[in-house]
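I opened a fresh page for this one and wanted to see what holds its metals. Here is what I looked up, step by step.

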Amino acid sequence: MTLSDCENIIRPLLSERRYQHCVNVAREAKALAERCGADTQEAQKAGLLHDIMKEAPPDEQLKIMEASGIILTNVERGAPKLWHAMAGAAYLERELHIADRDLLNAVRYHTTGRAGMSVLEKIIFVADFISAERDYDGVEGIRAAAQKGLESAVIAGLAFTLADLAQARKPIHPDTFSAYNDVLLSQNRQQ
Ligand code: DGI
Ligand code: FE
Ligand code: FE
């Protein structure tokens, strides 16, 4: 599958604004991959595809997850914003017959992260936070962390999300916690 195949797949499924976000995430993912010696093609593909189900109706997202045997936890049921990542990976696997496990995981875990993320998973997680059009309060801090290294940026992104969710009294997915502890502890070990 080429990059233009990926563009053609997502274009009819997304608004112009969301499509542009995916193009920007792909561009950022390419830059991050170059800096850490990862596969730039894979990074761009995952960047283009990561939000493929973002604008699908919630009942369609639920249907795709159900069809692929995903049973939602209570936290997941109560947080529809988490669905597009799981539904996206399920859609890519079942409907588009993509078998690349690393790419599927990069899509599946791009919102929460998880313990034991691969380099590609970290790249997409970070690229989604700092893509060119992002302008939320705090984005500059995460961009600065990315200058230090991929792990620093993952930690900064997770710390931002955890604080934000707790502040808003929203449920926090266990994968978000495990990702934070895992990357933080493995980074401390390396220092
Ligand atoms: O799809 P994007 O908008 O590009 O970004 P995303 O997939 O990272 O989604 C961000 C949203 O997901 C944001 O509103 C916070 C929410 N989110 C991330 N982790 C968690 C979460 N929501 C809950 N309830 N729990 C989480 O652990
Ligand atoms: Fe997303
Ligand atoms: Fe995104």
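Entry one. I started with the iron ion (ligand 2) and asked which protein atoms serve as its donors. I found D51 (OD), H84 (NE2) and H110 (NE2), lying 2.1 to 2.2 Å from this ion. I keep in mind that the model is a predicted one.

Entry two. I then wrote the spacing of these donor residues along the sequence as D-x32-H-x25-H. D51 and H110 bring distant parts of the chain together, being 59 residues apart. I located D51 in the loop between α3 and α4, and H110 in the loop between α7 (101–108) and α8 (119–130). Are these two buried or exposed? I looked, and both D51 and H110 are buried.

Entry three. Next I asked what D51 bridges. D51 bridges the iron ion (ligand 2) and the iron ion (ligand 3), and the two ions lie 3.5 Å apart.

Entry four. That took me to the iron ion (ligand 3), where I listed the protein donors: H21 (NE2), H50 (NE2), D51 (OD) and D128 (OD). They lie 2.2 to 2.3 Å from the ion. For their spacing in sequence I noted H-x28-H-D-x76-D.

Entry five. Where does H21 sit, I wondered? I found H21 in helix α2 (residues 16–36), while D51 is in the loop between α3 (40–49) and α4 (58–67). This pair also links distant parts of the chain, with their positions 30 residues apart in the count. I checked burial here too: H21 is buried, as is D51.

Definitions and conventions. Residues are numbered from 1 along each chain as its sequence is written. Chains are lettered from A and ligands numbered from 1 in the order in which they are written. This is a predicted model: local features need pLDDT of at least 70, side-chain atom pairs count only at pLDDT 80 or more; totals for chains, interfaces and linings use all residues. Side-chain values use heavy atoms; hydrogens and water are left out. Donors are N, O and S atoms within 2.8 Å of the metal (3.2 Å for Na, K and Ca); water is not among the atoms, so sites may look incomplete. Helices (H or I, at least four residues) and strands (E, at least two) are DSSP runs, numbered from the N terminus. Buried means under 20% relative accessible area, exposed over 50%, partly exposed in between (1.4 Å probe, protein chains only).
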